[in-house]
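Grab a pencil and work through a couple of exercises on helix packing and pockets. Each one comes with a worked solution.

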Amino acid sequence: CEAFLARWPAKLWRDGAGAVLALLPVAAREAHWLRRLDDSPASFDDVVSEALPACPPDETLSPALSAPLAAGVRQRIDAGALAHDYRLRALLPDLCSAVHPDTLAAFADLPRGADETPGQSDSLNTLAQVAAVRRALLSL
């Protein structure tokens, strides 16, 4: 499976790697996603889109995978990319719910500006709320 994923025939098999990834143990899946992030930072959205449904509701992503995902989201937020990145906006609450608790600090003190779009403002508010609830639940 891993060799097949390393040379994914995207032109021939357009369904995506999800079915093959589901056959791998969690550690192997996450290693694949980490390699993709290292090889191509442009694959960030695809990795997030694949990792979220693969994360069971009662678990989190590993610290090793959560760290680059949380850092990547924070970089995009700091750069103001949420103003027009509708795909990322939709993924933020689920991603904040799935990352390892040790990476929640990336979602603290989010930058706010007077020039925020309403959608950007809503997304940042939701992200801050999800992170705050997770931190509160962890302290119980």
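**Exercise 1.** Work out how α4 and α6 cross, in handedness and in angle class.

*Solution.* Keep in mind that this is a predicted model.

Step 1: start with the hand: α4 and α6 make a left-handed crossing.

Step 2: get the geometry. Helix α4 covers residues 44-54 and helix α6 covers residues 86-98; they pack at an angle of about 50°, and their axes lie 10 Å apart.

Step 3: classify the angle. That value makes α4 oblique to α6, because oblique takes in what is left once angles under 35 degrees, over 145 and from 65 to 115 are set aside.

**Exercise 2.** Find which residues of α4 meet which residues of α6, and sort them by class.

*Solution.* Step 1: on the α4 side, list Phe44, Asp45, Asp46, Val48, Ser49 and Leu52.

Step 2: across from them, α6 offers Arg87, Leu88, Leu91, Asp94, Leu95 and Ala98.

Step 3: sort the residues of this contact, and you get seven nonpolar, one polar and four charged.

**Exercise 3.** Describe the second largest pocket: its volume, its lining and the element that gives the most to that lining.

*Solution.* Step 1: the volume of the second largest pocket comes to about 160 Å³.

Step 2: its lining is made of Leu37, Asp38, Pro41, Phe44, Pro68, Ala71, Gly72, Gln75 and Arg76.

Step 3: map these onto elements. Two or more lining residues come from each of α3 (26-39) and α5 (63-78), and α5 gives the most, with five.

Step 4: by class, the lining splits into five nonpolar, two polar and two charged residues.

Notes
Residues numbered from 1 in each chain as written. Predicted model: local features only at pLDDT ≥ 70, side-chain atom pairs only at ≥ 80, totals over all residues. Heavy atoms only, no water. 1 Å grid on protein atoms, 1.4 Å probe; cavity = no way out; pocket = protein on both sides within 12 Å on 5 of 7 lines; lining within 4 Å. Points joined across faces, edges and corners; volume = space filled by probe spheres on them. Helix = DSSP H or I, 4+ residues; strand = E, 2+ residues; numbered from the N terminus. Nonpolar A, V, L, I, M, F, W, Y, C, P; charged D, E, K, R; others polar. Axes fitted to C-alpha atoms, helices over the stretch in contact; angles between N-to-C directions. Left-handed = near helix turned anticlockwise from the far one by under 90°. Contact = heavy atoms within 4.5 Å.
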